[in-house]
Amino acid sequence: MWKLVIADDERIIVKGLKKLIDWEALNIEIAGEAYNGEQLKKLIEYADPDIVLTDIMMPYMTGLELISWYKEQKGKAKFIFVSGYQEFSYAQEAIKNGAVDYLLKPVGADELTEAVTKAIRQIEEQNTAEIFQEKKDEFQKLFEHLNDGRNYENEDLYQIFRAENFDYRDCFFVGICAGICPDEAAKLSEASFAHFNLTRFSVFNRLMGAFAERKLGFVVKKDENAQHMIGVFPQKDRACYIEKYVDPIRRQIEEDCGVGICMGIGTPTVQPAEIFPSYQAAKVAFGLYHFEEKRLIEIGSIHRNYEVSFEDYKESLEQAFRAILTKSPDALDRIDQVMEQIEAIHYGNWQAVIMRTMNFTGELGIRLNQYRLLPEDFYEMQDKLQAEVEAQYTMSALRNCIHRHYEDLTSRIYEKGRTQDKILIEDVKNYIRTHYARDLSIRELAEVACVSQNYFSAMFKKETGQNYKAFLTDIRMEKALSLLETTDDKTYEIGEAVGYNNVRRFVDTFKQRYGVSPMEYRKAKRREENSF
């Protein structure tokens with residue numbers, strides 16, 4: 001079996017990765033786990049794994065520092081990086097250091113299986129090469145890395161490249177990922193899948209032909225959404241190659257095929273060993289269409305600051321929840337803020353945006369449903385919203401979809417006439433009536449209302465005209481009166497029964513409320529009864 005080790009500074013992530021796929025079916029044994037860079041270094045030295053699955057940003061030693069150290073040791077294990085960091089510089093550095101793949105959190109089972117399978121294939125090829133001591137030039141190695149045996153056999157792809165007789169001595173290379181714009185592709189496919197396939201086939205063929213005829217590049221892979229190419233352009237035109245060569249081809253195919261064409265452009269390079277990072281960058285740039293909505297996206301033109309944390313996101317979700325509960329006029333602004341933070345956190349990973357949006361709306365819906373605020377069945381509403389979310393293919397469209405949903409939902413909630421504060425306080429009052437004999441704290445009552453302690457105090461006073469302690473005292477005194485009238489229990493027993501462990505405090509509170517002690521009240525009440 002192949003040996004694999006897993007590392008992440010969050011134990012829940014390690015646990016999740018261990019359960020995400022069937023490792024045994026891939027003939028893989030998990031030989032250990034680590035929670036920081038130093039632990040992982042020692043684990044690698046001890047376990048001598050075939051594959052290392054690790055986060056990139058860990059305490060004591062980052063994943064990039066680790067792979068750099070490992071290369072110096074001439075180790076042969078394959079690295080797969082998993083990270084929440086979307087900046088391409090991390091991926092570029094990882095690939096340059098020989099990483100098999102770079103996966104963004106949250107990782108899907110299919111993409112992890114694909115990356116691990118790819119690592120195993122590379123190990124097997126590496127072992128075969130060592131046995132036969134094959135020597136391959138940079139381009140043969142490149143095609144094996146790029147294509148990984150899919151669509152074309154590696155050697156066939158290499159021969160295709162050689163047959164084109166590219167003179168790359170005065171040229172530079174750049175990765176290009178091109179296809180029908182994702183939103184248009186979705187509409188075409190929904191209208192007629194057969195017509196969509198014909199259009200996609202035509203687009204791919206025209207792209208391949210246009211680049212091949214002009215000796216401007218060659219195709220290395222096709223998938224469902226895009227065609228992946230390596231562009232080869234004259235060094236003298238490096239400053240204007242997009243305007244002179246790439247964009248005119250894109251525009252012509254748009255005109256010929258009647259659909260929008262999106263192109264992702266990687267980083268130009270003259271070094272064959274750096275073509276793979278450029279190829280990967282082009283894939284990333286193509287995926288940025290969902291966020292940028294541009295038909296031509298250069299990875300080098302994208303500059304984003306990732307200053308939003310998951311803690312910020314959780315706080316914004318809480319604020320959105322409270323705003324809806326209290327009929328705040330800025331409720332929709334709070335919803336929009338959450339969507340902006342989802343985009344910032346998952347920029348570059350569209351599937352993560354969709355998943356996070358569904359988590360957000362689901363959590364918010366569950367909390368609103370707990371307080372009987374939703375005007376329709378929660379599951380029916382959520383299924384309908386999920387279908388609408390999955391039908392969006394750009395960030396602006398998704399934001400508008402969510403804004404419209406909550407604009408309609410809040411208007412219907414507000415039309416119900418009862419404010420959420422009243423509902424919450426009624427729940428708390430019922431809770432107090434049931435648990436008055438316990439030592440009830442403001443923290444416990446605030447948790448019942450699902451709000452902060454400060455917010456709970458202000459809300460209770462606003463809705464009842466008194467603080468929660470006064471209300472609790474009212475309930476306890478009412479119960480004490482009933483026990484005094486209907487039982488022969490002693491004073492301290494009644495005090496304990498209504499929540500007072502200190503009999504003196506019970507007597508003082510009772511006397512302050514009714515002007516007499518509990519025993520004086522009982523005697524007076526019985527004299528009154530006997531007089532009839």
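Helix axes here are lines fitted to C-alpha atoms over the stretch in contact, and the angle between two of them is taken between their N-to-C directions, from 0 to 180 degrees. With that in mind, the tour goes through a predicted model.

Begin by selecting helix H21, residues 468-486, together with helix H24, residues 518-530, and look at how the two pack at an angle of about 55°, with their axes 9 Å apart. Because of that angle, H21 counts as oblique to H24, and the crossing of the two helices is right-handed. To see the contact itself, show Leu481, Leu483, Leu484 and Glu485 on H21, and on H24 show Pro518, Met519, Tyr521, Arg522, Lys525 and Arg526. These residues of the contact divide into six nonpolar, no polar and four charged.

Next, turn to the largest nonpolar core, which has 77 residues, and select those with the most contacts inside it, namely Phe360, Leu368, Leu398, Ile402, Tyr406, Phe456 and Phe506. Helix H21 gives the most to this core, with eight residues. A second, separate core of 33 residues can be found by selecting some of its members, including Ala7, Met58, Met61 and Ile275.

Finally, select Thr269, in the loop between strand E9 (261-265) and helix H11 (275-287). Is Thr269 buried or exposed? Its relative accessibility is 6%, and since buried means under 20%, Thr269 counts as buried. Around Thr269, leaving aside neighbours within four places in sequence, show the residues in contact with it, which are Phe172, Phe173, Arg238, Glu274 and Ile275. Ile275 was also one of the residues picked out in the second core.

Technical notes:
Residues numbered from 1 in each chain as written. Predicted model: local features only at pLDDT ≥ 70, side-chain atom pairs only at ≥ 80, totals over all residues. Heavy atoms only, no water. Core = buried A, V, L, I, M, F, W, Y, C linked by side-chain atoms within 4.5 Å. Buried < 20%, exposed > 50% of the residue type's maximum accessible area, 1.4 Å probe, protein only. Helix = DSSP H or I, 4+ residues; strand = E, 2+ residues; numbered from the N terminus. Parallel < 35°, antiparallel > 145°, perpendicular 65-115°, else oblique. Left-handed = near helix turned anticlockwise from the far one by under 90°. Contact = heavy atoms within 4.5 Å. Nonpolar A, V, L, I, M, F, W, Y, C, P; charged D, E, K, R; others polar.
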